[in-house]
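Thanks for coming. I will go through some helix packing and then a pocket, and I will keep to what was computed.

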Amino acid sequence: MPILNKDMTLCISLSARPSNNGTRFHNHLYGQLDLNWIYKAFAPTNLEQAIAGVRGLGIRGCAISMPYKEDVIALVDEMDPSAKAIDSVNTIVNTDGHLKAYNTDYTAIEQLLASNEVPTDYSVLVQGAGGMAKATVAALRDAGFKDVTVIARNEAAGRALADQYGFQWRAALDGGTADLIINVTPIGMAGGMAGGMAGGAEADSLSFPKEAVAAAKVVFDVVALPAETPLIKAARAAGKPVITGAEVATIQALEQFVLYTGVRPGPEQVRAAEEFMRAQ
């Protein structure tokens, strides 16, 4: 990374409990590509003031994590279809004071379902109803999945999300199982942010019961920190194929990097940045 200087381009992230994931990933790529850029994570005390700062200071890019993914919508100038379709934002690009919002979480989920060749006739349980859950459920629908149930204690949020895509809602798992189970809650998350959610309180908890893991054909946890969550560990122990939140974090951060810089790093550069991100 170059020495701090007046011409350096700044990108930031805003989250309730920042982690070093994005900071390490983006800054490592800036170094590899010899870009005079720097990335810094923040925990804003006032979201409106923070976004005004992005605009007024010429901050090029801003990653958005929970609990701000919906609240920030009113503060931007334009919504890309990736964000508008699901009313959830995880990326803002500032072009001469014009703030355009995107959602690269959706892109990450979509790519991982495809690359892991998850059959679209699988039954699916999605636990959670926040901003990341919106991206996940939208990606499932667009990929062709039809038998999807949203599990959420918040009836208003859960039912609204399920109804929007023609799926089912339930308040609790109640012994239910499915071919594909997806955790989109902070359960199993270490302190800090991962996958856009504030975690820590339930870091050692299993987001799905062992019976659901045993019955599943694929287990997906969007929690990125730690890479081996209790759910992923349980799934591996049961011999199940897994999709991890660390994979989600890499893809969504890469797509943010491209939106900010206009540069798409090569596979080896991305791999090096990913390894650096995880080695913390």
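**Three helices and a pocket**

To start with one pair, helix α1 passes α10 in a right-handed crossing. Please keep in mind that this is a predicted model. The axes of α1 and α10 come within 8 Å, and the crossing angle is roughly 140°. Angles over 145 degrees would count as roughly antiparallel, so α1 is classed as oblique to α10.

On the α1 side, the contact is made by N21, R24, F25, H28, L29 and Q32. On the α10 side, the partners are Q269, V270, A272, A273, E274, F276 and M277. By class, this contact of α1 with α10 has seven nonpolar, four polar and two charged residues.

Next, α1 against α9. Here α1 covers residues 21–32, and its axis comes within 10 Å of that of α9, with a crossing at roughly 50°. That angle makes α1 oblique to α9. The handedness of the α1 and α9 crossing is right-handed.

Which residues of α1 meet α9? They are F25, H26, L29 and Y30. From α9, the residues they meet are T250, A253, L254, Q256, F257, Y260 and T261. The contact of α1 with α9 divides into seven nonpolar and four polar residues, with no charged ones. F25 and L29 are worth marking on your screen: they appear in the contact with α9 and also in the contact with α10.

The remaining pair is α9 with α10. Helix α9 runs over residues 245–261 and helix α10 over residues 267–278. Their axes come within 11 Å and cross at roughly 125°, and α9 and α10 are therefore oblique to each other. This crossing of α9 and α10 is also right-handed.

In that contact, α9 supplies A246, E247, A249, T250 and L254, while α10 supplies V270, E274, M277 and R278. The classes for α9 with α10 are five nonpolar, one polar and three charged. T250 and L254 of α9 take part here, and both also meet α1. On α10, V270, E274 and M277 contact α9, and these residues are in the contact with α1 as well.

Now the pocket. What is the volume of the largest pocket? The computed value is about 480 Å³. Its lining consists of 24 residues, and those nearest the centre of the pocket are G128, A129, R153, T185 and P186.

Two elements, α5 (131–143) and β12 (197–199), give two or more residues to the lining. Of the elements, α5 gives the most, with three residues. How does the lining divide by class? There are 16 nonpolar, six polar and two charged residues around the largest pocket.

That is the end of my part.

Conventions:
Residues are numbered from 1 along each chain as its sequence is written. This is a predicted model: local features need pLDDT of at least 70, side-chain atom pairs count only at pLDDT 80 or more; totals for chains, interfaces and linings use all residues. Side-chain values use heavy atoms; hydrogens and water are left out. On a 1 Å grid over the protein atoms alone, a cavity is a set of points where a 1.4 Å probe fits but cannot get out, and a pocket is an open set with protein on both sides within 12 Å along at least five of seven lines; lining residues have an atom within 4 Å of a point. Grid points are joined across faces, edges and corners, and a volume is the space filled by probe spheres set on the points. Helices (H or I, at least four residues) and strands (E, at least two) are DSSP runs, numbered from the N terminus. Ala, Val, Leu, Ile, Met, Phe, Trp, Tyr, Cys and Pro count as nonpolar, Asp, Glu, Lys and Arg as charged, and the others, Gly among them, as polar. Axes are lines fitted to C-alpha atoms, for helices over the stretch in contact, and angles run from 0 to 180 degrees between N-to-C directions. Angles under 35 degrees count as roughly parallel, over 145 as roughly antiparallel, 65 to 115 as roughly perpendicular and the rest as oblique. A crossing is left-handed if the near helix is turned anticlockwise from the far one by less than a right angle, and right-handed if clockwise. Contact means heavy atoms within 4.5 Å.
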